[in-house]
Every structure is written in structure tokens, then in C-alpha cells.
Amino acid sequence: MYVIRFEQGALTGRYSPAHPLPEGSSRAAVYNGILPQLQSLTDRMGAIGEDRGASAADVATAWAIAKGTTPIIGVTKADYIDGLVRAHGIELADEEIAELEALADAADVDTRGSWEHDMSGGAKPTPR
């Protein structure tokens, strides 16, 4: 099972098998090989985002929030702050969350790192 960190960009829709991470980077070494597995998941996040006037990255952030985490967004670009505001306004339906979880499971992806705690109760998440 792979742990995908949202901040690495692999779940934002920015990268795909046709547009991989830049070769030679440590992120490319980790993620480029699994981008084909992530395609259905990132495509669905992109479609959800299109329906709401948001990006796949915004949906990924909204999903992280819905999972009880507090995402830490880099603020190296002003649009990242705008994206966090958009994400905060996205309320994913239970069915959408379940679908994203199923797509993550099908891709053998655990989207929560072992160090992340459920903010609602403080307990460590159970590994999938």
C-alpha cells in the first residue's frame, strides 16, 4: 500500500501518466510509477471540482478535511490560499467521500499518513 501525501501533488490532478513529475526529483522516483493507478481517483476529483468551480487539488483538500484532518497548505503562491478557501467551502456528499475512498482503495493508496491523527478524537487512524 502506498501512502500519498496531498502536498506532494500526486492527488491534485496536476500530474498524470501523460504529465509526470519532473524526472530526477525524489518525488518523481516515488510517484511517477504509480500515477497510472491514481488516474481514476484524480479524474474523479477533477470531475467533482468541475461541478463546483474548483480544482482537483481543492477537492483533495476538502476530502482531507472531511476525513478529519487539518491539511497544511504551502503558501508559496497566492492561489494556494485561494484554493484552501475554495476547499473549505466544498461539502462533499457522503456518497462522494465513499467513492473517493473506494477509488483510493482500488489504487492501493492510503491517503492518511501514519503520523496523522483524527482531529475529532485524537486517536491514531487504523491502517487499511
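The following dialogue examines how terms are applied to one predicted protein model.

Visitor: What kind of model is this, and how are residues numbered?
Guide: The model is predicted, so local features need pLDDT of at least 70 and side-chain atom pairs count only at pLDDT 80 or more, whereas totals for chains, interfaces and linings use all residues. Residues are numbered from 1 along each chain as its sequence is written, and side-chain values use heavy atoms, with hydrogens and water left out.

Visitor: How many helices and strands are there, and what makes a stretch count as one?
Guide: The protein has 5 helices and 2 strands, in the order β-α-α-α-α-α-β along the sequence. Helices (H or I, at least four residues) and strands (E, at least two) are DSSP runs, numbered from the N terminus.

Visitor: Why is Asp 58 called buried or exposed?
Guide: Buried means under 20% relative accessible area, exposed over 50%, and partly exposed in between (1.4 Å probe, protein chains only). Asp 58 has a relative accessible area of 4%, and is therefore buried. Across the protein, buried residues make up 38% of the 128 residues.

Visitor: How are Thr 61 and Ala 87 classed?
Guide: Thr 61, with a relative accessible area of 13%, is buried, and Ala 87, at 1% relative accessibility, also counts as buried. Thr 61 lies in helix 3, while Ala 87 is found in helix 4. From C-alpha to C-alpha, Thr 61 is 9.3 Å from Arg 86, with their positions 25 residues apart in sequence; Ala 87 is 8.5 Å from Trp 63, at a sequence separation of 24 residues.

Visitor: What makes the pair of Asp 58 and Arg 86 a salt bridge?
Guide: Side chains of opposite charge can pair when their charged atoms come close. A salt bridge is a side-chain nitrogen of Lys or Arg within 4 Å of a carboxyl oxygen of Asp or Glu. Asp 58 and Arg 86 meet at 2.6 Å, N to O, and therefore satisfy that rule. Asp 58 lies in helix 3 and Arg 86 in helix 4, so the pair ties together parts that are 28 residues apart in sequence. The count by this rule comes to 5 salt bridges.

Visitor: Which residues are linked with Arg 86 in a network of salt bridges?
Guide: The network consists of Asp 58, Asp 79 and Arg 86. Arg 86 also meets Asp 79 in a salt bridge, at 3.6 Å from N to O. Arg 86, at 30% relative accessibility, counts as partly exposed, and Asp 79 is partly exposed at 45%.

Visitor: How do you know that Glu 99 and Arg 44 form a salt bridge?
Guide: The closest N and O atoms of Glu 99 and Arg 44 are 2.8 Å apart, so the pair meets the salt-bridge rule. Glu 99 is in helix 5 (residues 94–106) and Arg 44 in helix 2 (residues 35–52), so that the pair links parts of the chain 55 residues apart. Glu 99, at 32% relative accessibility, is partly exposed, as is Arg 44 at 23%.

Visitor: Why is helix 2 called roughly parallel or roughly antiparallel to helix 5?
Guide: Two packed helices are described by the angle between their axes and the distance between the axes. Axes are lines fitted to C-alpha atoms, for helices over the stretch in contact, and angles run from 0 to 180 degrees between N-to-C directions. Helix 2 and helix 5 pack at about 160°, with their axes 9 Å apart. Angles under 35 degrees count as roughly parallel, over 145 as roughly antiparallel, 65 to 115 as roughly perpendicular and the rest as oblique; helix 2 is therefore roughly antiparallel to helix 5.

Visitor: What angle do helix 3 and helix 4 make, and what is it called?
Guide: Helix 3 (residues 56–66) and helix 4 pack at about 55°, with their axes 8 Å apart. That angle makes helix 3 oblique to helix 4.

Visitor: Where is Ile 81, and why is it called partly exposed?
Guide: Ile 81 is in helix 4 (residues 78–88). The relative accessible area of Ile 81 is 44%, which means that this residue is partly exposed.
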